[in-house]
There are 2 protein chains.
Amino acid sequence: MGTFSRAAFLAVGSELLRTPRLDTNSLFVASQLAACGVEMTEKRCIGDDTQAIANAVSELLSRADLVVVSGGLGPTADDVTREGVAAALGRKLHLDEELLARLQERYRRLGRSMPSIAARMAFLVEGAEVLPNPRGTAPGQWLEVGARAVVLLPGVPEELQTIFALHVLPRIGGKPILVRTLKVAGRFESEVEQRVSHLYHRFGREKVTILAGRGTVELVLYAETSSELEAMEHAFTEVLGEDIFGRDDVTLPQVVLDALKSRGWMLATAESCTGGMVGSALTQVPGASEAYLGGVVAYANAVKVRVLGVSEELLATKGAVSREVAEAMALGACALGAQCGLAITGIAGPTGGTAEKPVGTVHVAVATPSQLQHRHFRFGGSRQTVRELAANFALDLLRRVLGGKA
Amino acid sequence: MGTFSRAAFLAVGSELLRTPRLDTNSLFVASQLAACGVEMTEKRCIGDDTQAIANAVSELLSRADLVVVSGGLGPTADDVTREGVAAALGRKLHLDEELLARLQERYRRLGRSMPSIAARMAFLVEGAEVLPNPRGTAPGQWLEVGARAVVLLPGVPEELQTIFALHVLPRIGGKPILVRTLKVAGRFESEVEQRVSHLYHRFGREKVTILAGRGTVELVLYAETSSELEAMEHAFTEVLGEDIFGRDDVTLPQVVLDALKSRGWMLATAESCTGGMVGSALTQVPGASEAYLGGVVAYANAVKVRVLGVSEELLATKGAVSREVAEAMALGACALGAQCGLAITGIAGPTGGTAEKPVGTVHVAVATPSQLQHRHFRFGGSRQTVRELAANFALDLLRRVLGGKA
């Protein structure tokens, strides 16, 4: 085991160059390494080509002390990561009899005889330690090169993640970087950035990363000690207050569902322009049924009238995209048997806008046993952007109402 | 203008290494280049570091004849792509007076005076041609290095794409590769792969890429001539038949909405475990309102009873996840005022499964004026996977019913 500071990642696979498929293994590895104080300084994708792999590993090993290679460890002829890495290190490949026996045993357990090509997976680069793969066939390999190391991992994310957690992390030393993510909703990135910019100076610009979603903003804080992290979190929380809905892995739908559960309320939704996005996001949370009753996708006005009881006169006089209709929809959602109703109606575009109600106009309403809250937005961007902003700002309005802060 | 065959892509930006943000510019550039017969052979992400940029550009230029660099062209101190590329090529940077005047003019039009740091964007690498940026401030740069070229483009996707289309494509020669994507639904990847594997041998394994989604599979065919592409498409279509729902950029919701429109039918949805995902996917298509009425997120049984008219007895005797309830939900959806009803009920997990109805059990039903169709699935995977599979297999059942092939 060594102590590493600079890591590089190499994803092998022609599909990463020829198709719209993106490597996401590097994200997992980077975040795991960061937690050990190891910085990812470079990542690459190359095709299934022995010479290209050899070149890349040589170059990366000249600059990083830990090189993580994913993919190209399977049994087929285009899986040439073993050969490429051996070439880069000037080492030989040899058939490991014990590994071969384990592969044969694995196939036997699956009730199949091992195809002859599968023996390729039993070849090790000289000096490699085998990293067993409990979730698949191809094992990983750990190679020390002086004080540096090269790790070979399969490209299937769940296999890579399991081997990394079980066998790579224990081999990595270093001082952990502490990371805290503060999650903000109901504000735009530029607004958040402006309010916290003085804190960049105070703590150091490189200690804060701001990431904009559609309707949510994440502030990622990096610190070397827990007291530093606490001071940072305290300062950012003081500035952003109730705009922060949670920390780290928490999601806005989770927060909303938890707030509903703590009141013992059920929620019903009435969605027009978002067409089910809020329901879909809420039901992605396991156990959503404890606080989410369901709702209505009131895309056509006929559904607003028939299922939600919105009056035809209101629709005719105020229009479907109006405060009054949003409020009537929220009340209609409650009437499905919920204490709380959330309604969204808007113009997502690209057509359907008018001078008075341009594309991006969205009305949101929340009804509870004691109040009826409304907000009105004019979002910019594509149809999908307007819809995602509408869904997230609506969930955030509900969060604030449930927190007594709307 | 040269003729290029091998391209490499370099994304510059520390956020691409330190945060979960992925570079997607390389996907756009790779597909555009492929259409010109230029193959992407490598892509990399590195941080905002002059030396790292210089190393990467030197290495890439030794292997590729076209190097596309994105990001790091802005005005701030960490935008050092210009410096890194100049170092790699052994060239100087110089202030371009004409470019500076254009930048000042741009700020004037926006009603602001140009901040002094913005002058950084007027520096050119010796020998560069300016690639004007109609959508932003930082221009691109085109640099010839013998018969090879390095292109610098801003990292903002819409700016990069515009400059690429206007100023890079016209400078690239080569023989286009023809690409056709066949889109399959209602089948799993392994099944599709098995059925088409003999065609891999016939046309060449490297001419076909298979991409699995959740409930859809894409076959990407590459050819050098249109007659070759036609022959490939014909052969794959013969094998896959009605499992192919469309080509190239078409989506399953679009195909379903078009089939509804051609019959003059309106659709209503009744979603339980998918919680609005089908409604959300349908309403993502502009003009969905011509064929989609809306629907019900019938998450709780109370909503199934109250809004969809499912009988309490049926729920008690058959269970919410059953053929009978799915069919009753589809009929209940029609009763909202639609000719066609689509219903989904299932157990997405992670809890809620039983021996008889394990997690992943999903019932789908389609009702039309003349028929009632049902299908039953047992999907594997996470909650989100089960939900996405359920939504796509449900849309596909509807597609087949509308096409008269279910």
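# Notebook: a sheet shared by chains A and B

I began with the strand order and found an open sheet of 10 strands with mixed pairing, which runs β17(A)-β16(A)-β15(A)-β13(A)-β14(A)-β14(B)-β13(B)-β15(B)-β16(B)-β17(B). I then looked for its edges, which are β17 (372-378) of chain A and β17 (372-378) of chain B, each of them paired on one side only. From one strand to the next the twist averages 10°. I note here that I am reading a predicted model.

**Entry: the junction between the chains.** I looked up where the sheet passes from one chain to the other, and found that strand β14 (residues 292-297) of chain A pairs with strand β14 (residues 292-297) of chain B in the antiparallel sense, over three bridges. Within this pairing I located A:G295 opposite B:V297 of β14(B). I next asked how many residues of each chain are in contact with the other. The count is 51 residues of chain A in contact with 51 residues of chain B. On the chain A side, the element that gives the most to this contact is strand β2 (residues 39-46), with seven residues. Sorted by class, the side of chain A that touches chain B holds 26 nonpolar, 16 polar and nine charged residues.

**Entry: domains of chain A.** I checked the domain assignment, which divides chain A into domain 1 (6-171), domain 2 (178-247) and domain 3 (252-402). Taken over C-alpha atoms, the centres of domain 1 and domain 3 of chain A are separated by 48 Å.

**Entry: strand β15 of chain A.** I asked whether strand β15 (residues 340-346) of chain A is enclosed or open, and what its burial would say about that. Seven of its seven residues are buried, so β15(A) is largely enclosed by the rest of the structure. I then separated the two faces of β15(A): A:C340, A:L342, A:I344 and A:G346 lie on one side, A:G341, A:A343 and A:T345 lie on the other, and all are buried. For its neighbours, I found that strand β13 (residues 267-271) of chain A runs parallel to β15(A) and is joined to it by five bridges, with A:A270 having A:A343 as its bridge partner. Strand β16 (residues 361-367) of chain A runs antiparallel to β15(A), with six bridges between them, and here A:L342 stands opposite A:V366.

**Entry: strand β15 of chain B.** I repeated the search in chain B, where seven of the seven residues of β15(B) are buried, so this strand is largely enclosed by the rest of the structure. From β15(B), B:C340, B:L342, B:I344 and B:G346 point one way, while B:G341, B:A343 and B:T345 point the other way, and all are buried. Strand β13 (residues 267-271) of chain B and strand β15 (residues 340-346) of chain B run parallel and are joined by five bridges; along this pair I placed B:E271 opposite B:I344 and B:T269 opposite B:L342. β15(B) and β16(B) pair in the antiparallel sense over six bridges, with B:T345 opposite B:H363.

**Entry: the nonpolar cores.** I looked for the residues that have the most contacts inside the largest nonpolar core, which has 152 residues, and these are A:M329, A:A333, B:M329 and B:A333. Leaving out residues up to four places away in sequence, B:M329 touches B:A270, B:A298, B:K304, B:L308, B:V310, B:A343, B:T345 and B:A365. A second, separate core has 107 residues, including B:V67, B:A122, B:V125 and B:L131.

**Entry: helix α6 of chain A.** I listed the buried residues of helix α6 (residues 157-168) of chain A, which are A:E159, A:L160, A:T162, A:I163, A:F164 and A:V168. The elements of chain A against which these buried residues pack are α2 (25-34), β3 (66-70), β6 (129-131), β7 (140-145) and β8 (148-153).

**Entry: B:G90.** Finally I asked where B:G90 sits, and found it in the loop between α4 (81-89) and β4 (93-95) of chain B. Is B:G90 buried or exposed? With 9 other C-beta atoms within 10 Å, B:G90 is exposed, because a residue with 12 or fewer such atoms is classed that way. The C-alpha atoms of B:G90 and B:A268 are separated by 65 Å, and the two residues are 178 residues apart along the chain.

Key: Residues numbered from 1 in each chain as written. Chains lettered and ligands numbered in written order. Predicted model: local features only at pLDDT ≥ 70, side-chain atom pairs only at ≥ 80, totals over all residues. Contact = placed C-beta atoms within 7 Å. Helix = DSSP H or I, 4+ residues; strand = E, 2+ residues; numbered from the N terminus. Nonpolar A, V, L, I, M, F, W, Y, C, P; charged D, E, K, R; others polar. Pairing = 2+ DSSP bridges. Domains from an automatic or database assignment. Axes fitted to C-alpha atoms, helices over the stretch in contact; angles between N-to-C directions. Core = buried A, V, L, I, M, F, W, Y, C linked by C-beta atoms within 7 Å. Buried ≥ 20, exposed ≤ 12 C-beta atoms within 10 Å, placed from the backbone.
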